[in-house]
Each structure stands twice: as structure tokens, then as C-alpha cells.
Amino acid sequence: MSEYTVVGQTVARVDAVEKVTGAAQYGADVHPPGMLYGKLVRSKHAHANIRSIDTSEAEKLPGVRAIITQDDVPSGRRVFATDKVLYLGEPIAAVAATDPDIAEEAAERIKIDYEVLPVVQDVMEAIKPSAPRLHGDGTKDGPNRREISGEIRTLSRDKENDHSDAISNLEAELENYPDEVYYNISAESHTEAGDVEKGFAESDVVVEDTYVIPRVHQTYMEPHVSVASADSSGKITVWASTQGPFAIRSGIAGTLGIPLTQINVIGTTMGGGFGGRFGVIITHVPAVLLSQKTGRPVRVQMTREEEFTDGRPAPGCVIKLKTGATNDGRILAREALAFWDSGSVSGASIGSTIRVRGVYKIPNLKVDAYGVHTNKSGTAAYRAPGAPQAIFAGESQLDEIAERIGMDPVKFRLMNMREEGDEVPAGSSEPKVGYKETLEAVADAAGWWDREAGENQGWGVAVGDWTNGCGPGGVYVSVHEDGSVRIFHGSMDITGTDTAISQIIAEILTVPYESVTIRRGDTDSAPYSTGSGGSVVTFTMGNTAKLAAEDAHRRILELASERLNTNVDDLELRDGKVHVTSADPPKSISLGELAAYSLSTTGGPIVGKGSFARQASTPALAAQIAKVEVDPGTGRTRVLKLVASQDVGFAINPMAVEGQIEGGTVQGYAWAMMEEMQYDENGNVNPGFVDYRVPTSADLPTVESVIVEVPAPNGPYGAKGVGEPPITPTLATMANAVKDAIGIRINELPIKPEKIVNALKSNGH
Amino acid sequence: MAKLPVSLTINGDEHDLLIEPRKTLLAVLRDTIGLTGTKEGCSTGDCGACTVIVDGKAVTSCMVLGVTASGKEITTIEGLAGDGELHPVQQAFIETGGYQCGFCTPGFIMASKALIDENPDRTEEEFRHALGGNICRCTGYTKILEAVLKAAEEIRTTT
């Protein structure tokens, strides 16, 4: 029996009714009077010089109210391409018109004269001296050229088991470039602990492989959208579908060179984010510029096709990984070299390559990572940014080691897992963690220890770690004279966080969950709040909410002490009433009576304030097991069982936590088996749901989720952030299961049927 | 562009409108009538977010021209609850946690309602395939299927 009455219980979400009745207001549902429709004019080439832009034919179209280019950006900050475009779909101009169809027609009438340039889409091509350069003048001494130490330059692979043509092609071609200089490098990151060469030398088994992970799109169901309205005083209101209204406010202010106070951002209900909804210039800045020019509200809404060409997806990468272990199962060394496809700008999460270390005791570690420019849009966060890619490589290779030394993959992991006090390679020491408990939980739930596999069936296991972020937040809580509790804050609800905040405050004020209501303010009214990403919200806003409720709790006891003429120490708040603990007969006063009484006191109404910014977080583990069956004729993989456990610290709303585990796991499954943004010299070639397949209900069985609770010392009630961890292990879980089923390891994702068929063929099947 | 007269019955209300022939039923519902509960997720008929019920059948309203819906009876997510009571499908989505961001939810609820009305006796596997035209990116579908099966059971036993 839980010691709590509201937290830890499954409750219907605070936004339940508005979400199932169509009443929730998303970005594209905002329609102020006189609103115009904006449309971005986009590059038709992946790499080209712009010779001229002719807007005259578009201007003649009735209903067109404004056409803007970079010349209309007073700050000079780059919003539109001017002399050169770097990817298909890059914005060059924008149009506002009275009707969306007119705006689209006007955009098509804008004539842009291009000088087409050579294109590079593959990271391993882009680093070569012969590759087209995206930035600089193309000379040897231009930017983005790096000297690279030659230790692990040539990509090698496990030729016996790997049938990826892409990797062997890369390998052959790189041998033609003996000078050790890479080009189109956007960023780099290097980490070292111990001595890997010594570690490999002491190892009985060393495995080396190259893993290729594709660029995938977050594919939130609501495309990017914003509505901006600039009034005659210069005040700008932006209704934004975003994870971080305060970040959007400062982003717009910075881009346009205007004061923060001139901008109010209203976060609309978010139709999915997954890290992809922090961008400022994608739609928000163009909408503001068009509204400033026309004096009318303007909506800029992306189509799904625009999402694929000009969204900010998760970066793909190529990771070369080498691991050494002893025959008795101790991992001694791991070395990684990664090239991340950052697209036309820097910003890919290359630092996450360090996650190849996993949750294991690895005394010797070396990680080198580079971001590489290609002719694609920039990238952004996607659910545990960078971790699924790095962990795919790390956990796939771990299974190869386990196989070579003849050890069960779960036992091998358990044997090497870190515990409290163990040193984290290239990090500090491990706090109290639940790695082993979480892996054991999934193994038990999935029936791992007595697993059976029929013909063409296989089992796979993998784990992924992630630590939630933390950021600033503020919450006000007030108690009204009917005893109801109102919460006011500024963080965006990310599928259930408003509900968790409400549960925490109801728990502390000992009122029923139903008597609590929560309201989100805009950036003009609400206290500052960190963006809703990085699994921060429950941790940060949960702590903030606790502080606010505790502050209100103090005021409540103070009022009761006054009202009942009793010392505060003799009072207890319980069941929505303040009780005099020693009174006989019992004596109490309700929250409503106290709230009414407060209105005529010197101290005033009950208002609790919570303000919080930083506390150390605790790592969380997600562990998953899949059972699959592969049809050797068609190459189709059917998932028979998918079990996902996760250490969530404490599940404030268990049903919502299960939902996060299930959803994240399915996104990971899709990255492993289905999704891939494909590019050729013209740019993205699969910008829609027919060619970029995401899973539907027909693709999957029920995901079985297992909640593990190893409390985080600083989390509210021990809670850890739950959103990101579940996507991290699934890529490797699936690859390991396919390997078990067909005996061939596929290191290049996604594991589409044709890859399986080809792999089986070249293995003589 | 010349507008054409159309007569639509939407959630029981009759609307006589003049609309451009190029406007989709989705655009008419959202922009002309102001019923924004129906969502636009792809505009190519692939994601199901814009699903409404036309003469008893679930259709993606981005794939239907407004003029061709003239004379037809249309139910949108806003027309499902009645007399202050949520429809059993809506209730089931709440109780099972069958939604997260909620953007695909109106489409899923309308598609599920049409399927259950047609045959509430489908198995889970049959519902999984029948709902294959609706994309949800948050839930992984496990709790959506729970919701649909629960609603089907509820409707089966009360009618």
C-alpha cells in the first residue's frame, strides 16, 4: 500500500476531455480576424548559387499582400538564403496572401535563377579532399578542414558477417586518399580514459565493426506552424507550436534584434515534439516578418512534404567501433570513431558518441567524433539525441563479443554493469542506479531464461541509458474560497506533465486530484520555464510544484493557527482540512474556510510560490527484449514479442509512464526496421508517408512495459525523467534479434526486407 | 475562382455554402465552418488525422473535395459527444490512456467509431489492420488498441 494518495496513482489526464472532443487548440487552429496565409519559397536544388530572384509575376497576383527576402531582415541575421542554397527546400523568400492557395501560387510564380553546383550527401564522401565544399571558398585552407590523427582512419569491418555494400565501397574509396585531412567538418569531440591500446593488447577477443545509422525524422503529427501578429505599437504576439516558448521568445528577439519585452509567445497545444520543436527560424521568424510587413496576423504552416525537406531531423552517422574483452567476459577497452551528418549547418549531437560506453565498467575508452556538412537541412534533437545511434553500435557489438566468448548476452551485460560507486569511464562515479534490476526485470518478464525459438525465430536484448536534464521553472499555486486549488506556470505540457504537476500539488495539499486545475501562461504572464525537452519537465517542474505547494502549505497552517488560536506545531493538514492534532473532541477547519478567512487578513490570500533551477539528476536505464520471426523468402521481420522495462525512479502517473515506454520503444523499432530519410543529388527523395514509412498499428504487437522504481535522490518523490530512455536500446534490440534469427548481423539500418534477402543470398541461402 | 453552392449536413446542422471547387472537405470544415477538431497531418490521405464520417463511412477529409460532399451527412469529432456525455469511444480513449499529444486522436476516434459501428466483433488483430490508415507517433498503438477493444465491448453490450 502506497504511502501516497494521489501521486503513484493512475489518473485521467487534466487535458483528457479537450483532447478527445477536438477542443484542444493546436497551432493551426489559431485564426485571428484578418489573418493572412504565409508560404515559404524554397530552393529547388540541393546546392546552387542564386543568380537572381524575380518576384514581379507573383506581385501581380490578386490577394498577395507581401513578399519578403533576406533584404527584409533588418538585423541581417540569416533567415533566407541569399547568394547560395545548401539544400533542397532551403527558404529563399516568403509570401503572405489572403488565401492559402493564392500564397502557394504566388510562391510558385517567384522566379529564381540558379547556377547548379556539385552535391555531396554521404558523410564519408564529404570528408574527402575531392568533395564539394559547402562553406568557404573551396580552397585547401578554407574553414571546416581538419587534420586528423591517422590511427583509425581506414574503416574496417567484420567481412565474414557483414554484407553491407555501402561499407565496403567506403572502405575501398578511402584507401585512395592517403593524406590524412578531412573536409566539410562542422565540429569535433574527443574523449579518452585509460589506455585503449593496452586494453586491446590484453584482450582475448577484439571485435571491430562499422555501423551505419540513417537520418530519421521525429515525425510529430502536427507539422510546424506559427501565427504571428504585430500590432501598430510594434508589439508582437506569436502563437507557436513549440516545446519552449521562452526559448522561442529569446530566439526571435535575437534573430530580429528587438527587445524581449516586445514579444509575447503563446504556446499552443503541441502535436508531438520529440525534440524537434525548438526551431526559431523554421516558421516563427518568417511569420513575424510577414506580419510586420503587412500589419496583419499571418500563419505560416508547413506541409508534411516541407517537414521532410526543411524540418530538423535526427542526424544519421557512421560509427566505427572496436571492443576488446577477455575470454571470461570482462570488457577491457572500447574505441569509437564517428562521423555525424550535420547537414548544412553544425549542430548534430556528436558529443553523444560517448554513449558507446554504455553502463559498463570499461577501463580504457577512446571516442573521437566529427560533425560533417552535407547538402541537407540541419538537424535537431530527437528523443535522447545521439544516444540511439551510439547505443545501437555499442549494444550490437556487445552481442558479438558475447557470442565469441560463448556467454549469454544478458549474463554478459549483468557481469559488466556498473553499480553505485563504480567509476564511469571518462566520467565521475556512479550514484545509486538500477541497471541490473532493470535488465533482470525485462529478462524475467520476457521469459528470457527459458526462451524457445522455432525456425527463423530469434531473440534479442539490449539496454540504453539516459539521464534527464534539469532547468529553471516557476509555479504559483493558490487556494480559493471553495477549497479548489489553482496552478499557474509556463511550461508546455509534454504528454502528461501538467497532470504530474497537478498530482504533486494535490498530494501535498491533501485535496482530491479533481479539485486541482492547472493553467499555462504565455511568456508575458508566466514565470520563466525551461523548454519541455530532455525529459526535464517532471523532474524540474515536479520539484518546482512541490516547492510551491509546500509554500502554500506553510501559509495554510499559519492561517489556521491564527483562526484556531493554536500553535502551528499542533496543526496537521490532512484530507483537505487543518486538524488540531491534540484536540478532543476533534477540531478542524477546511481549506475553503481558511481561503475565505484569508481574504480579510493582513497576510492575504493563500499563494504558494515555487522557483527552482538545478539539482543533480540520476541515470536511468531502459532494457528491452524482442522475439522476432524472419520470413527468409520475403525478408519480412515480424515482431512476436516486445518487452520494455525502464527504471523511472517513481511513476507519478503509471499509465502515462507506460505510454512513454510503449511510444519510445515503437519509435526505436521504426528506426531499426523501417525509417530512413533518403537523399540523392537532388535532395530528399522520400518526403511523404508513402515513401517514408512510419509504423502503424498493423506493424506491431502489444508492447509489454515493465516499470522499475529505483528512486532518484533529487527527483520529486524519486521520479526520473521518462520520455527519452525507451528509444535508446531498441535499435540494437531489433538488430540482435534479427541476428539471432538468421545468423547474419546487419549493421546498416534500417533492416529492411531487401537487406535481409540480400544478406541471406550472399550467405548461400 | 468561381464558387459553387453546396449543402452540407455537419453534426446535424445544415450549412448552405458557396465554396471554391478546389477546396477540400477538410479546408471547408476547418477554415469555412471553423470546426478545427479535424486535423491536417499530411494532406495526402496517408496519416488519417483528418478522418471524419461521411454517410456512415470513415473518410480522410483531405482527399474529398468539399463540393462532392454536398447533400451528405458528415460527423466530425465535435459531433460525437451528446447531452453532456462523451461517446463510449471517447471515454475509452481517456480511460486507457489511448492518446498522448492528441493530434491524431480525433482521426483515430472517428475511424474507430466507424469500424465499431460496422462490426464491433472484430478481434484485436483485425482492429490493428483496420486502423492501419491512421498514424500515431506517441503511443506505439498499445493503448489505442486497448481503447478500441474496450469501446467495442461497451458498445456491444449496451446495444
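This text describes two regions of a predicted model, a small sheet in chain A and a pair of domains in chain B.

Consider chain A first. Strands of a sheet pair through backbone hydrogen bonds, either parallel or antiparallel. In chain A, three strands make up an open sheet, arranged in the order E22-E23-E24 with antiparallel pairing. Strand E22 (571–574) and strand E24 (588–590) of chain A form the edges, each pairing on one side only. On average, neighbouring strands of this sheet are turned by 20° against each other, direction ignored. Strand E23 (residues 577–580) of chain A is joined to E24(A) by three bridges in the antiparallel sense. Within this part of chain A, A:Lys577 stands opposite A:Ser590, a residue of E24(A).

Two helices lie across strands of this sheet. Helix H14 (residues 537–564) of chain A lies across E22, E23 and E24 of chain A, and its direction is at about 125° to E22(A). Helix H15 (residues 591–598) of chain A lies across E23 and E24 of chain A, running at about 75° to E24(A).

Chain B can be read as two parts: domain 1 (4–79) and domain 2 (88–158). The centres of these two domains of chain B, taken over C-alpha atoms, are 21 Å apart. Their contact involves 14 residues from domain 1 of chain B and 12 residues from domain 2 of chain B. On the domain 1 side, strand E3 (51–54) and strand E4 (57–60) of chain B are the elements that give two or more residues. E3(B) provides the largest share of that side, three residues. By residue type, the domain 1 side of this contact in chain B comprises seven nonpolar, five polar and two charged residues.

Methods: Residues numbered from 1 in each chain as written. Chains lettered and ligands numbered in written order. Predicted model: local features only at pLDDT ≥ 70, side-chain atom pairs only at ≥ 80, totals over all residues. Domains from an automatic or database assignment. Contact = placed C-beta atoms within 7 Å. Helix = DSSP H or I, 4+ residues; strand = E, 2+ residues; numbered from the N terminus. Nonpolar A, V, L, I, M, F, W, Y, C, P; charged D, E, K, R; others polar. Pairing = 2+ DSSP bridges. Axes fitted to C-alpha atoms, helices over the stretch in contact; angles between N-to-C directions.
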